[in-house]
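Ready for some practice in reading a protein model? Work through each exercise on your own before you look at the solution.

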Amino acid sequence: MSIDTFHPALLSFIEQAHPDQIEFLREVVRVPSDNPPGDCAPLGRRAEALLTALGFAVEALPVPEAQVRANGMVSATNLIVRKRFGEGGPVIALNAHGDVVPPGQGWTHDPYGGDVVQDPQHGPVMYGRGVAVSKSDFATYTWALLALLEAQRQGAPLRGTVELHLTFDEEAGGEIGPGYLLAGGYSKPDYAISAGFSYGITSAHNGCLHVEVAVRGQQAHAAMPDTGVDALEAATHVLGRLYAFRETLAQRRSATPGIGSPTLTVGLIEGGINTNVVPDLVTFRIDRRMIPEEAGSDVEGELRALVEDAVAQRPGATAAVRRIMRAEPLVPLVGSERLIEPLRRHAQAVMGAEIPVQGVPLYTDARHYTQHGVPTVLYGAGPRTLMEARGHNTDENLRLNDLLKATKVVALTLADLLSA
């Protein structure tokens, strides 16, 4: 019997269970999981309890404290749910992250309230930090899996395994989330779908390099500045070279739709001792976004060489470059088309819109899957654009009709991939 025969039952289940899905999402939003500081174990415990109440066996994997601290966080417990649908078939991981950026000021809704407001144009909308990025896909993937179980009960011919990977360190780079699960051998999926957007399939994204540059000089009394070495003057020269280099980067263009040029931003700077002292140390941090055509080692080497050459032109000054984080770009692997084709076909039918396959200029922890050879794309209940949902902004929100539709798309796609 064709899997298509079971599509109506699968979709009916998702429709009927949608109120429960909304309540599940609200409960997840109500647990703070700001990163920083990254005290995310409480959300892990709450998510584990919610999943257990739904009948799932949950593997809770606390990350050792030393690794958590080295990642700049306080606590993290990764969760895996595995459901086998029959012998053979692929293992498909569904990954969403529960850590969020701090809410900041200026909200008109409680960032941890999960308020639902009826919008005249878009229907019900939930507000809360992380509701779109990406606690929403805790709910998307959980209910897609529940729908598959319902289809199986009705006789759907499925084989393979679906795993939920719920992790909690995307905002810090994913090393102790997906990176931990894959490097530790806790999961060996054949394919992965990571939290994403409901009106587009992300097949590639930028990488990111964060470094700190420490420019050192020699302090002296401001009445006799020539007896010292002005670290701020040297740092200003280095910054000038960096900003000139930024114009060069703007001339490089990615061939991936949706991704433009590499970027360079100096986002933090500090230094000096007092107003009347020649500064002996200035530090600043650089955010260097990498397009898919770039490799992190090459980008870092280029940046280090630029800084070293610039500071060498200021006698007495020195500079040290310290890497803080290097996230490689997400690039399509052979096999990703097996995910893209059914996702796009079902999304266009359910959403009633053209669904592009494109890159985004962000970076995510989905790249850990491709770095382990796992074909990966991003698709989920997220918005058309981050600006639309105010991701990483005040009053972050999710259109609950998009959550419903994205759940249908993921469930139908999984049913195709697991069809005997």
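**Exercise 1. How many residue pairs are in polar contact between domain 1 and domain 2?**

Step 1: Count the pairs. Between domain 1 and domain 2 there is 1 residue pair in polar contact, with both residues at pLDDT 80 or more. A polar contact is a pair of N or O atoms within 3.5 Å; within protein, one must be able to donate a hydrogen and the other to accept it, and residues adjacent in sequence count only if both atoms are side-chain atoms.

Step 2: Know what you're looking at. This is a predicted model, where local features need pLDDT of at least 70, side-chain atom pairs count only at pLDDT 80 or more, and totals for chains, interfaces and linings use all residues. Residues are numbered from 1 along each chain as its sequence is written, and side-chain values use heavy atoms, leaving out hydrogens and water.

Step 3: Check for salt bridges (a side-chain nitrogen of Lys or Arg within 4 Å of a carboxyl oxygen of Asp or Glu). The count between domain 1 and domain 2 is 0.

Step 4: Find the strands involved. On the side of domain 1 that touches domain 2, β8 (201-205) and β15 (357-360) supply at least two residues each. The top contributor there is β15, with 3 residues. Strands (E, at least two residues) and helices (H or I, at least four) are DSSP runs, numbered from the N terminus.

**Exercise 2. Describe how the two domains are laid out and what area is buried between them.**

Step 1: Get the bounds, which come from an automatic or database domain assignment. Domain 1 covers 3-205 + 329-418, and domain 2 covers 207-327.

Step 2: Look at the spacing. Their C-alpha centres lie 36 Å apart. The contact (heavy atoms within 4.5 Å) takes 12 residues from domain 1 and 14 residues from domain 2.

Step 3: Read off the area. About 960 Å² is buried between domain 1 and domain 2, and carbon and sulfur atoms give 65% of that. Buried area is the accessible area (1.4 Å probe) that two parts lose on being put together, summed over both.

**Exercise 3. Track down the aromatic pairs and say what they link.**

Step 1: Apply the rule. Rings of Phe, Tyr and Trp (its six-membered ring) pair if their centres lie within 6.5 Å; planes under 30 degrees apart count as stacked, over 60 as edge-to-face and the rest as tilted. That gives 3 aromatic pairs.

Step 2: Take Phe24 and Trp143. Their ring centres are 5.1 Å apart and their planes sit at 65°, so this pair is edge-to-face. Phe24 is in helix α1 (residues 7-29) and Trp143 in helix α4 (residues 136-153), so the pair ties together parts 119 residues apart in sequence.

Step 3: Try Phe138 and Phe168. This pair is also edge-to-face, at 6.0 Å centre to centre and 80° between the planes. Phe138 belongs to helix α4 and Phe168 to the loop between β6 (160-167) and α5 (178-183), 30 residues apart.

**Exercise 4. Is Thr142 buried or exposed?**

Step 1: Recall the cut-offs: buried means under 20% relative accessible area, exposed over 50%, partly exposed in between (1.4 Å probe, protein chains only).

Step 2: Compare. Thr142 has 0% relative accessibility, so Thr142 counts as buried.

Step 3: Look around. Thr142 is found in helix α4. Leaving aside neighbours within four places in sequence, Thr142 is in contact with Phe24, Leu51, Leu54, Phe56 and Leu164.
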